[in-house]
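Me: I have a model open and want to learn how to read it. Could you take me through it feature by feature?

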Amino acid sequence: SKPIKKTPSKAEQPVVVESEVTKEELQATIEKLNFKLEQTNMQLDQFAHTTSHELQEPLRKIMIFSKILLQKEPKLKTQEVKKYLEKIESSSVRLRKLIEDMLNFARVTNYEKLLIKTDLNEILKCTLFDFELLIEEKKAKVITHKLPEIEAVPFQMSQLFYDIIHNALKFSKVDVAPVIEIASRKLTKKEMNSHANLDDKLSYYEITIQDNGIGFNQKYAEQIFTMFQRLSNGGEYPGTGIGLAICKKVVQNYHGEIFAEGLEDKGAVIHILLPVEQPKKLPDDIPTILKTWV
Ligand SMILES: Nc1ncnc2c1ncn2[C@@H]1O[C@H](COP(=O)(O)OP(=O)(O)OP(=O)(O)O)[C@@H](O)[C@H]1O
Ligand SMILES: [Mg+2]
């Protein structure tokens with residue numbers, strides 16, 4: 001049977017609105033919204049990663065020092081009791097700071113608002129403080145040199161250092177105490193030119209984190225920055241393969257670059273190129289017509 005044709009009543013007629021938005025403008029808007037979505041996804045990844053990683057070391061310290069106090073308390077001298085209590089207190093303060101920073105970061109929709117002059121020496125000091133136990137357990141030697149002050153979100157720099165130093169401590173050789181060296185230097189314009197993704201209007205520092213661990217074959221140097229990619233020589237070491245992928249996203253967001261050098265059985269060097277200041281214009285100029293959506 002034939003469908004009955006009926007003239008639509010006035011209310012049913014489609015409303016045609018003259019749109020002033022061109023296809024190109026819409027495309028640009030979609031791209032910008034996608035960028036925002038990607039940023040939000042990145043924050044989520046980082047949020048989950050931080051909870052399972054960065055918060056664990058200070059917590060582990062609190063637990064271990066409390067356990068020592070509980071088990072050995074009658075035999076400990078007042079001085080020693082005081083030392084452990086102070087350690088518990090400082091680790092708790094650090095843990096609270098990490099949670100605060102993480103929540104602040106998760107709440108902002110525009111992370112550029114959190115950008116401040118960040119002394120990387122301070123960030124590194126806190127990271128090494130968090131790894132105090134692991135460094136002691138592994139008998140690791142950490143050599144630090146002067147680092148720059150750059151415009152950044154301190155929490156994200158802390159994440160970078162945490163993941164890379166954690167790897168350097170983790171992927172160590174069974175019978176060799178880890179030696180980790182962290183240094184920095186200013187990049188010359190000429191050196192900048194050999195890295196295609198750097199913004200030539202900014203000035204950059206290179207930060208290197210070198211270790212003497214199991215290393216890797218240079219042919220995997222890019223692969224290790226991919227989400228969930230872990231190399232077989234590191235098979236027996238715990239992890240999920242997220243750390244370096246997050247580092248890469250963070251560094252790219254800062255208009256920087258991160259890359260790795262590996263030598264099997266000799267060690268690895270992670271290079272981070274970061275600008276001293278971020279470009280002033282934000283990638284946020286969404287056409288006014290759509291501003292209310294976001
Ligand atoms: N310093 C290093 N020395 C040797 N291999 C490394 C080093 N850093 C990273 N790798 C290799 O790169 C892989 C990816 O590193 P990534 O930090 O992303 O993951 P992970 O440490 O395995 O897990 P997660 O960081 O999520 O806990 C590692 O599994 C390891 O194979
Ligand atoms: Mg890791």
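Me: Start with a helix pair. Which residues in α3 and α6 meet?
Reply: This is a predicted model, so treat what follows as a reading of a prediction. Arg94, Leu98, Asp101, Met102 and Phe105 are the α3 side of the contact. On α6 they meet Phe155, Gln156 and Ser158. By class, four residues of this contact are nonpolar, two are polar and two are charged.

Me: At roughly what angle do the axes of α3 and α6 cross?
Reply: Roughly 115°. The axes of α3 (residues 78-107) and α6 come within 9 Å. The crossing of α3 past α6 is left-handed.

Me: What else is in α3? Where does lysine 87 fit, and what does it contact?
Reply: Lysine 87 belongs to α3. Beyond its neighbours within four places in sequence, it is in contact with Phe65 and Glu132. Check proline 58 too: 29 residues separate it from lysine 87 in sequence, and their C-alpha atoms lie 9.9 Å apart.

Me: Now the interior. Which residues touch the most other members of the largest nonpolar core?
Reply: Met157, Phe161, Ile165, Ile209 and Ile272, out of 58 residues in that core. Helix α6, residues 154-170, gives the most to it, with nine residues. There is also a second, separate core of six residues, with Leu187, Leu198, Leu202 and Leu273 among them.

Me: Take isoleucine 209. What is it in contact with, sequence neighbours within four places aside?
Reply: Go through its contacts in sequence order. There are Phe161, Ile164 and Ile165, then Ile180, Glu181 and Ile182. Ala268, Val269, Ile270 and Ile272 complete the list.

Me: And threonine 208: buried or exposed?
Reply: Threonine 208 counts as buried because its relative accessible area is 18%, and the cut-off for buried is under 20%. It sits in strand β5, residues 204-210. With neighbours within four places in sequence set aside, its contacts are Glu181, Ile182, Ala183, Val269, Ile270 and His271.

Me: How should I read confidence? What is the average pLDDT of the chain?
Reply: Start with the general idea. Where pLDDT is low, predicted coordinates should not be read in detail. Here the chain averages 86, and 87% of the residues score at least 70.

Me: Where does pLDDT stay under 50?
Reply: Over residues 285-294. The model has 10 contacts beyond four places in sequence for that stretch. Low pLDDT is a reason not to read such coordinates in detail.

Note on methods. Residues numbered from 1 in each chain as written. Chains lettered and ligands numbered in written order. Predicted model: local features only at pLDDT ≥ 70, side-chain atom pairs only at ≥ 80, totals over all residues. Heavy atoms only, no water. Core = buried A, V, L, I, M, F, W, Y, C linked by side-chain atoms within 4.5 Å. Buried < 20%, exposed > 50% of the residue type's maximum accessible area, 1.4 Å probe, protein only. Helix = DSSP H or I, 4+ residues; strand = E, 2+ residues; numbered from the N terminus. Contact = heavy atoms within 4.5 Å. Axes fitted to C-alpha atoms, helices over the stretch in contact; angles between N-to-C directions. Left-handed = near helix turned anticlockwise from the far one by under 90°. Nonpolar A, V, L, I, M, F, W, Y, C, P; charged D, E, K, R; others polar. pLDDT = per-residue confidence, 0-100.
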